[in-house]
Amino acid sequence: FFFFFLFFFFFFFFQAEDGIRDVERSRGLGDVYKRQVKGLAEEKMRLGEELSEVKEAVERAGKDKEMQRSEMREETHSVELLSVDLGKLRKELEIYNRENRQLLEDNERMSKDIPELRQRIETLRQKVQLNEILKEVDLDELKMLRQNNMAVNDSISNLITRWESLEANL
């Protein structure tokens with residue numbers, strides 16, 4: 001590749017030096033200067049356009065930079081607010097965890113009390129059943145039963161006393 005480059009460079013360079021030039025004939029030194037001035041003016045216009053494009057790009061970049069700074073400030077403020085909220089939420093979580101542990105301990109204690117409570121419930125149920133049976137018994141019947149029991153007790157006491165006296169006489 002380098003060899004071809006050198007070949008073409010020297011070939012065209014020496015041909016240009018040998019007098020092969022543009023088709024246009026030179027009209028003197030003024031034409032050269034006019035072409036240079038025209039070329040410089042075109043270059044100046046092109047550079048002016050590029051400069052204005054660069055200025056616009058710089059202005060846009062400045063506006064973008066300012067907008068990004070504003071967004072960054074807003075985001076920083078949002079992050080600060082979120083970190084404050086996070087702190088509050090962590091404290092709430094700690095409180096809820098503490099309450100949850102307490103509730104779990106209470107639940108465990110209560111689950112240990114369940115068999116005893118079931119036994120007490122069964123006892124109360126039996127008492128309620130007995131109470132319902134007793135409601136059906138008439139109060140007068142109970143008084144009469146008490147009197148009969150007292151009479152039977154008296155009779156038994158008399159029988160025991162007689163029996164003891166008979167044993168003593170024998």
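Biologist: Is Glu108 buried or exposed?
Modeller: Glu108 lies in between: it is partly exposed, at 48% relative accessibility. Here buried means under 20% relative accessible area, exposed over 50%, and partly exposed in between (1.4 Å probe, protein chains only). This is a predicted model, where local features need pLDDT of at least 70 and side-chain atom pairs 80 or more, while totals for chains, interfaces and linings use all residues. Residues are numbered from 1 along each chain as its sequence is written, and side-chain values use heavy atoms, leaving out hydrogens and water.

Biologist: Which side chain does Glu108 meet in a salt bridge?
Modeller: Lys112, at 3.9 Å from N to O. A salt bridge puts a side-chain nitrogen of Lys or Arg within 4 Å of a carboxyl oxygen of Asp or Glu. Glu108 and Lys112 sit 4 residues apart in helix α2, so about one helical turn separates them. Lys112 counts as exposed, at 61%.

Biologist: Which residues are joined into one network?
Modeller: Glu43, Arg46 and Glu50, through salt bridges that share partners. For Arg46 and Glu43, the closest N and O atoms are 2.3 Å apart. Arg46 is partly exposed at 36%, and Glu43 is too, at 33%.

Biologist: How many salt bridges are there by this rule?
Modeller: The count is 7. Another pair among them is Glu66 with Arg73, at 3.6 Å.

Biologist: New topic: how many helices and strands does the protein have?
Modeller: There are 3 helices and 0 strands, taken as DSSP runs numbered from the N terminus (helices H or I, at least four residues; strands E, at least two).

Biologist: And how much of the protein is buried?
Modeller: Buried residues make up 1% of the 170.
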